[in-house]
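User: Please take a close look at the largest cavity in this model. I would like to know what lines it, and then how the rest of the interior is arranged around that picture.

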Amino acid sequence: MTIKPAIRIAERKLIVKNRTILTGVPDSVIATTGSTSGPVEGVFLGAAFEENNSRHVVPLGALRDVRFLACFRFKLWWMAQKMGDKGGDIPLETQFLLLETKDGSHLESNDGNEENQIVYTVFLPLIEGSFRACLQGNAQDELELCLESGDADTKASSFTHSLFISAGTDPYDTISDAIRTVKLHLKTFRQRHEKKLAGIVDYFGWCTWDAFYQEVTQEGVEAGLKSLSAGGTPPKFVIIDDGWQSVGGDPQDEKEGEQSEKKQEPLLRLTGIKENSKFQTRDDPTVGIKNIVKIAKEKYGLKYVYVWHAITGYWGGVRPGEKETEQYESSMKYPQVSKGVVENEPTWKTDVMAVQGLGLVNPVNVYRFYNELHSYLASAGVDGVKVDVQCILETLGAGLGGRVELTRQFHLALDASVARNFPDNGCVACMSHNTDALYCSKQTGVMRASDDFFPRDPTSHTIHIAAVAYNSVFLGEFMQPDWDMFHSLHPAAEYHGSARAISGGPLYVSDAPGNHNFELLKKLVLPDGSILRARLPGRPTRDCLFTDPARDGVSLLKIWNMNQYTGVLGVYNCQGAAWNSIERKNTFHETKSEAMTGSVRGRDVHLITEAATDPDWNGDCAVYYHRSGELVTLPYNASIPVSLKVLEYDIFTVTPIKVLAPGFRFAPLGLIIMFNGGGAIEGLRYEVKGGAKMLELESGYEGEGNGVAGEKVENNSSELVGIVHMEVKGCGKFAAYSSARPRRCTVGSTEVDFVYDSDSGLVTLSLDHLPEEGRKVHIVEVEL
């Protein structure tokens, strides 16, 4: 008997685990097994064309009756999500595609039989040679593969490994395993878990952008640090954004100047690697940016100072002919934007960068450029850089070997310079959502996950939360997604802030000095400036992967993440605005009802089993509502309803319940004032005592399947049933679920007062201050 590959092309069909995904696959499509590249079953696809060319499009077959999630570029710089059920719905510039077959069940089968389970199929368009691939749909519902070099002289006609397809029954594992296989094949990038994560991710920060934009000054930076520190939420890092560099427009004669006034503002270009006059002190201009770095660290206790620069130096590149930068041999290049990007973002036809061009550093000299810039900054005490405008490189490859080659050269140089000058791997990638860069990223560990936070654009807030969550499904495999800065004093501040708290990424605001909501900030930041960061990239729950929480008028978005001993769920109403494929911009649209209802289960936290201390855990969870303070216990697979209006949210801490003895059940919840309070629990150990054995004998105990509800009990015997030992970071109101009233609670060696609600089982006590000097955690013990 011949064993057929799980993923194969047969009779012009793409068959995945005995399910037909594509029909009418052309004969020109070439399939190569993926088994030689890694342990995952999969197939690489390519195609043969009759002519050498710099751009090819080939249909892969018709796609119908499967739900999909596509991450596509709606702008040159940024991706967003699109859902649909046929090939014609797949947008141009799709860089990640996940399909769900409609037959099957979400429930795991006990015997591991995949026949009855939903199968998830991932399509990853890749880099092959000098070409970069993406996916798109056509009017015949065919899935198409588009291959481009970005250089008319860089041509090819045969491709074998331009698209990787893999499948499995766990969507998150399927994606991760597929990208691991691609990594082993390409050997050009590393995954998130293999990279050093910069220290900024574990602290609260401030960015100058929305506070000052390009008008930032040293005085403004100090004012922002001072006002945040004074309110009890001290930032431990700052990003000095655009506005510190030496830049200038192109020299113009008077006649040109008169004409350009009617047309466009001149595009500014870098004129030197040092700071501009705003960041020089009058007494000694040579001190430069070192002055504000010293103030930030010595006066305000910051750990990290980052500064911004574009991957080409500045928006308009490095100005050719400047004495201070002549060694980099920059020359003028005019962006040639790919057809798919221009279709999705028509404003590129008149964009200032396209019209006025960029001064591109000679690729031969780009390491020297980065190293001299970064070593100057490092000598001033700067710890890292936010490197912006990254996707512009794909438009500048003409005459330089194409987009893939140019991107690779610049990123290799950037990685080497960051590794040499910023030992904490201090680099945040921004405006960088192209696979040209992702598939050559070996160093950078943090990247912005979506288009900007726009404080004055009311359409943007719901769109932002949906985009960061869905983009993180793909981007989180390469780097830790950064869900961007936000304003703490803003109508949507809690909506944004709560999402950042469960994102797993950096947490920072861009408030103007004095404009802060400290009540909100104290749900995010501990008094020492540290945060309770979740352990993974926040992503949509399994049942939200293919629903459209921005457009469908009925669905809520649920986002899950993990702490060491708890899970966290955020639920958001993101309806009412989305990218409009007809108008090619973000627009409002009507929603079907004011409030929408969904449901929450403990198992919505995909890896909640990993938080259980007991290998025989039965799936019961304690669930704490952040907004109402309500506590419920949920058996495995039971759900609770959640109703939210547009721009409303709720956060749920989800903790596996430990059964110590009949009637004695416990689950820590953490610092419940904080959005991600469960992140405070850094150690958890259950010690079962002699009283538990007596209870088991008395009740004929038969294991943990006793259900969640039940009469509350109290230990009235002289013997303890158990002691719960916890290590807790931070300070504030600490809570846990206990089915029995505790005998006593101690913090360190001191017995403390606690409050017990016998109806819900909520135990609360106060941790009045941070752990004592030299200690990272409080030792909290609950005796039962």
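Analyst: Helix H11 contributes the most to the lining of the largest cavity, giving 4 residues. The model is a predicted one, and the volume computed for this cavity is about 180 Å³. Its lining consists of 18 residues, of which Phe-74, Ile-463, His-464, Ala-467 and Asn-586 are the closest to the centre. Besides helix H11 (460-475), the elements that give two or more residues to this lining are strand S7 (79-86) and strand S29 (577-580). Sorted by class, the lining has 10 nonpolar, 5 polar and 3 charged residues.

The count of cavities of 30 Å³ or more comes to 6. The second largest has a volume of about 70 Å³. Its lining includes Tyr-565, Trp-617, Leu-684 and Tyr-686, along with Ala-611, Ala-612, Thr-613 and Asp-614. Thr-655, Pro-656, Ile-657 and Lys-658 also line the second largest cavity. Strand S35 (649-656) and strand S38 (681-688) each supply at least two residues of that lining. By class, the residues lining the second largest cavity divide into 8 nonpolar, 2 polar and 2 charged.

H11 also matters for the account of the nonpolar interior: the largest share of the largest nonpolar core, 8 residues, comes from this helix. That core has 153 residues, and those touching the most other members are Trp-77, Phe-96, Leu-124, Ile-392, Tyr-439, Phe-474 and Tyr-572. Ile-392 serves as an example. Leaving aside residues up to four places away in sequence, Ile-392 touches Leu-76, Trp-77, Ile-311, Thr-312, Pro-335, Trp-348, Met-353 and Leu-358. Trp-77, one of these contacts, is itself listed with Ile-392 among the core residues that touch the most other members. Another core, of 34 residues, lies apart from the largest one and has Val-25, Val-29, Val-66 and Ile-165 among its members. In soluble globular proteins, nonpolar side chains tend to be buried together.

As for confidence, the average pLDDT of the chain is 93, and 92% of the residues score at least 70. Residues 700-710 have pLDDT below 50, and this stretch has 18 contacts in the model beyond near neighbours in sequence. Where pLDDT is low, the predicted coordinates should not be read in detail. The contacts of residues 700-710 fall under that caution, with pLDDT there below 50.

Definitions and conventions: Residues are numbered from 1 along each chain as its sequence is written. This is a predicted model: local features need pLDDT of at least 70, side-chain atom pairs count only at pLDDT 80 or more; totals for chains, interfaces and linings use all residues. Side-chain values use heavy atoms; hydrogens and water are left out. On a 1 Å grid over the protein atoms alone, a cavity is a set of points where a 1.4 Å probe fits but cannot get out, and a pocket is an open set with protein on both sides within 12 Å along at least five of seven lines; lining residues have an atom within 4 Å of a point. Grid points are joined across faces, edges and corners, and a volume is the space filled by probe spheres set on the points. Ala, Val, Leu, Ile, Met, Phe, Trp, Tyr, Cys and Pro count as nonpolar, Asp, Glu, Lys and Arg as charged, and the others, Gly among them, as polar. A nonpolar core is a set of buried Ala, Val, Leu, Ile, Met, Phe, Trp, Tyr and Cys residues joined through side-chain atoms within 4.5 Å. Buried means under 20% relative accessible area, exposed over 50%, partly exposed in between (1.4 Å probe, protein chains only). Contact means heavy atoms within 4.5 Å. pLDDT is the predictor's confidence in each residue, from 0 to 100.
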